[in-house]
Amino acid sequence: MKISGIICEYNPFHNGHLYHIEQTRKHGATHIVAIMSGNFVQRGDVAVISKFERAKAAVRCGADLVIELPVAYCLSPAEVYARGAIYLLKGLSCVDELSFGSECGDLGMLTQAVKAAYACGRRPELEELMRRGSSYPKALQTVIRQTYGDQVASLFSSPNNVLAIEYLKAMVAVKLKITPFTVKRNAEHDAQVPTGNIASASLIRQMMDSSSEEFDELMPEVSAQTLSECAAQGTTARFENLERALLYKLRTTTTEEIAALPEIGQGLENKILAAAHETSLESLLFAIKSKRYPMARLRRILLDLMIGIRPEHTQAPPPYGRVLALNERGRDILAAAKQAGTTLPYATSLAKLSELGGMCKVCADLEARATAVYGLAQRTIAPADADYKAMIGLVKSEKDGI
């Protein structure tokens, strides 16, 4: 048995994700565990369909076990996002490999980038660039270019390279000694045209908004069918559907409440509150956006406010692993984890995890609240108690031969 871990969002699952899983299998993986973002994703957005539907589609398309990354980690900068996911893989105590996509596809170059990030991460030039208005990622890239040259610095311009670098850093930080393996991406992140039958998830989401464009050929049949069924049932979600709720929340909050949110600094709370008079989500975001405060960070902050996420929710590692979907091989992974002496509780029931008390209850309650908020983003508003009532059973894979 060789267990490979994949960190993902599958928003939605497309042919590029399928290719990644196939390449991971070719590299020797007999079992695949996916650590997947739930109903909210790292760019500060809602997932196009629910975590339960995305997880089932992922298992039917080749994954074996899907474990949810807690929402506080999903709505965090790349470093925190990666650390939470890596910790969940470590907790299983039986994962052999981390498989991830990257634009460069070169593990040696990514390793150089990790060393550069460590070396430049506390340079005084970095602080000076940030004082002048640069965001941390842009400032870091500038300092790395000055020290290590364009080739290494250019890796920090591509989002999946950045995530790959953070995964490798997180493996060091949490002392997870497994083998990294990278697969070169065939489509650029946010590319506006497909590469053959592979397109970015963002392009597919754009196509969903245009009835004149077909996206079925860009996704495995199972995933396309899931997406179409959710659209027909009114359960697809959009960030814009939260507009009135977000504006209400912002108009009834205080400067102190905003200042207590993650990713707030340099007086950003005052700038956000000053924009509370805006009459649309779009105008609100553009009133706050700057070079220092990119759009993804601002959307995450607004969702943190809406859900009730605080810095302390990511100061400790995830307290449990919530299983969203699995097949028989997924059961094998959980059995191997138990035999290896897993350091975290893993279960399908959020209620049972909540009953463990302490941070497990805090995390579970936050997750349930996030799902209740997500229900407001769906085209047809969903009940508020969906997370605690979810029934999770074995999923039959479409790829029985794997």
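Which element supplies the largest share of the lining of the largest cavity? That share, 4 residues, belongs to α19. Here are some notes to read alongside the structure, which is a predicted model.

1. **The overall build.** Let's start with the whole chain. The protein has 20 helices and 9 strands. Its radius of gyration is 20 Å, close to the 21 Å that the globule rule gives for 402 residues, so the protein is as compact as a globular protein of that length. If you prefer to think in box dimensions, the C-alpha trace spans about 55 × 50 × 50 Å along its principal axes.

2. **Inside and outside.** Of the 402 residues, 56% count as buried. The surface that the protein exposes comes to about 17500 Å², and carbon and sulfur atoms supply 51% of that area. As for how the chain meets itself, take the contacts between residues at least 6 apart in sequence: 76% of these join residues at least 24 apart.

3. **The largest cavity.** A search of the whole structure finds 2 cavities of 30 Å³ or more. The largest has a volume of about 60 Å³. To find this cavity on your screen, select its lining: Pro70, Val71, Ala72, Tyr73, His313, Pro318, Pro319, Met359, Cys363, Leu366 and Glu367. Two helices, α3 (71-74) and α19 (358-377), each supply at least two of these residues. By class, the lining divides into 9 nonpolar residues, 1 polar and 1 charged.

4. **The second largest cavity.** This one has a volume of about 40 Å³. Around it you will find Tyr10, Pro12, Phe13, Ile49, Arg54, Ala57, Met219, Ser223, Thr226 and Leu227. The elements giving two or more residues to this lining are α2 (51-60) and α11 (221-233), and α11 gives the most, with 3 residues. Sorted by class, the lining has 7 nonpolar, 2 polar and 1 charged residues.

5. **A cis peptide bond at Pro12.** Most peptide bonds are trans. The bond from asparagine 11 to proline 12 is cis, with omega near 0°, so please look at it when you step through the backbone. Proline 12 lies in the loop between β1 (3-8) and α1 (15-26). You have met this proline already, as one of the residues lining the second largest cavity.

6. **Two positive phi angles.** Most residues other than glycine have a negative phi. Which way does phi go at serine 93, positive or negative? Serine 93 has a positive phi of about 65°, although it is not a glycine. Glutamate 263 also has a positive phi of about 65°, and it is not a glycine either. Both sit in loops: serine 93 is between α4 and β6 (97-102), while glutamate 263 is between α13 (255-259) and α14 (268-274). Their surroundings can be compared by accessibility. Serine 93 is partly exposed, because its relative accessible area of 34% falls between the 20% and 50% cut-offs. Glutamate 263, at 18%, counts as buried because it is under the 20% cut-off.

7. **Serine 76 and its partners.** Where is serine 76 found? It is in the loop between α3 and α4 (78-92). Is this serine buried or exposed? At 6% relative accessibility, serine 76 counts as buried. Leaving aside its neighbours within four places in sequence, serine 76 is in contact with Gln42, Tyr81, Glu263, Arg300 and Thr314. The glutamate in that list, Glu263, is one of the residues with a positive phi from the previous point.

8. **Alanine 164.** This residue is found in helix α9 (residues 159-173). Alanine 164 is buried, with a relative accessible area of 0%. Not counting residues up to four places away in sequence, alanine 164 touches Phe100, Gly101, Ser102 and Leu110. For a sense of scale, pick alanine 164 and glutamate 240 on your screen: they are 76 residues apart in sequence and 30 Å apart in space, C-alpha to C-alpha.

How values were computed:
Residues are numbered from 1 along each chain as its sequence is written. This is a predicted model: local features need pLDDT of at least 70, side-chain atom pairs count only at pLDDT 80 or more; totals for chains, interfaces and linings use all residues. Side-chain values use heavy atoms; hydrogens and water are left out. On a 1 Å grid over the protein atoms alone, a cavity is a set of points where a 1.4 Å probe fits but cannot get out, and a pocket is an open set with protein on both sides within 12 Å along at least five of seven lines; lining residues have an atom within 4 Å of a point. Grid points are joined across faces, edges and corners, and a volume is the space filled by probe spheres set on the points. Ala, Val, Leu, Ile, Met, Phe, Trp, Tyr, Cys and Pro count as nonpolar, Asp, Glu, Lys and Arg as charged, and the others, Gly among them, as polar. The radius of gyration is taken over C-alpha atoms; the globule rule is 2.2 Å times the number of residues to the power 0.38. Buried means under 20% relative accessible area, exposed over 50%, partly exposed in between (1.4 Å probe, protein chains only). Contact means heavy atoms within 4.5 Å. Accessible areas come from the Shrake-Rupley method with a 1.4 Å probe; for residues, only the protein chains shown count as cover.
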